[in-house]
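Reader: I would like a close look at one part of this structure, the place where the ligand sits. Please go through the surroundings step by step.

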Amino acid sequence: MKKISVLFVCLGNICRSPAAEAIFISLLEKKALTDRFTVDSAGTGSWHIGKKADSRMRIAAERRDINILSRARQITSNDFDVFDYIIAMDNSNFRNILDLKNRTSSSNFASIQKIQNFRSVFNEQEVPDPYFGGNEGFDYVLDILEDSVGGFLKSIS
Ligand code: 4NP
């Protein structure tokens with residue numbers, strides 16, 4: 001059976017989208033669904049290419065037994081052709097993803113959506129960027145994402 005492929009996207013690909021990717025992978029493991037999915041994350045920006053996720057996010061996630069292993073990369077036009085779902089963390093990411101798709105005349109293959117469309121517990125319409133804030137912001141992002149990433153998985157499996 002063809003795997004379902006999912007790409008989570010934020011700005012830098014060192015805080016929110018690596019966390020969303022790791023939460024999704026952790027849920028797949030708990031539900032014995034790992035073999036059915038390909039999961040990745042990317043940033044709209046290029047500053048952090050090749051870097052591990054922000055240590056503040058990795059430490060906050062580890063406290064929940066979630067391992068963030070990804071290295072940052074930038075989204076490319078090819079992603080629109082290969083991923084079934086491209087999931088933005090905030091409205092700015094969403095617009096930048098659509099701009100890139102339009103600029104590069106990429107295919108309409110990928111379904112491009114915002115992760116907070118799948119929220120149920122938290123009312124946040126966007127996942128706030130924790131990069132310039134305090135440590136509590138990283139925990140809050142994880143709380144929000146555990147809710148909405150779980151909702152997203154339910155919606156497609
Ligand atoms: P992310 O957070 O988009 O959740 O990875 C950010 C990381 C880095 C920067 C901005 C946001 N930055 O400006 O370098």
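Author: This is a predicted model, and a good place to start is the backbone of L11, where an N or O atom lies 2.9 Å from an oxygen atom of the ligand. Side chains take part as well. In R16, a polar side-chain atom lies 2.8 Å from an oxygen atom of the ligand. The side chain of D129 has an N or O atom 3.3 Å from a ligand oxygen. The ligand taken alone exposes 350 Å², and the protein buries 92% of that area.

L11, R16 and D129 belong to a shell around the ligand that also includes C10, G12, N13, I14, C15, H48, Y131 and F132. Sorted by character, the residues of this shell are six nonpolar, three polar and two charged. The space that the ligand takes is the second largest pocket.

Aromatic rings are a separate topic. The structure holds eight aromatic pairs. One of them joins F122 and Y140 edge-to-face, with 5.9 Å from centre to centre and 75 degrees between the planes. F122 lies in the loop between strand 4 (111-114) and helix 5 (136-156), while Y140 lies in helix 5, so this pair ties together parts that are 18 residues apart in sequence.

Notes: Residues numbered from 1 in each chain as written. Predicted model: local features only at pLDDT ≥ 70, side-chain atom pairs only at ≥ 80, totals over all residues. Heavy atoms only, no water. Near = heavy atom within 4 Å. Polar contact = N/O pair within 3.5 Å; in protein donor to acceptor, adjacent residues only side chain to side chain. Areas by Shrake-Rupley, 256 points an atom, 1.4 Å probe, with all protein chains shown as cover. 1 Å grid on protein atoms, 1.4 Å probe; cavity = no way out; pocket = protein on both sides within 12 Å on 5 of 7 lines; lining within 4 Å. Sits in = over half its atoms within 2 Å of the grid points. Nonpolar A, V, L, I, M, F, W, Y, C, P; charged D, E, K, R; others polar. Phe/Tyr/Trp six-rings, centres within 6.5 Å; stacked < 30°, edge-to-face > 60°. Helix = DSSP H or I, 4+ residues; strand = E, 2+ residues; numbered from the N terminus.
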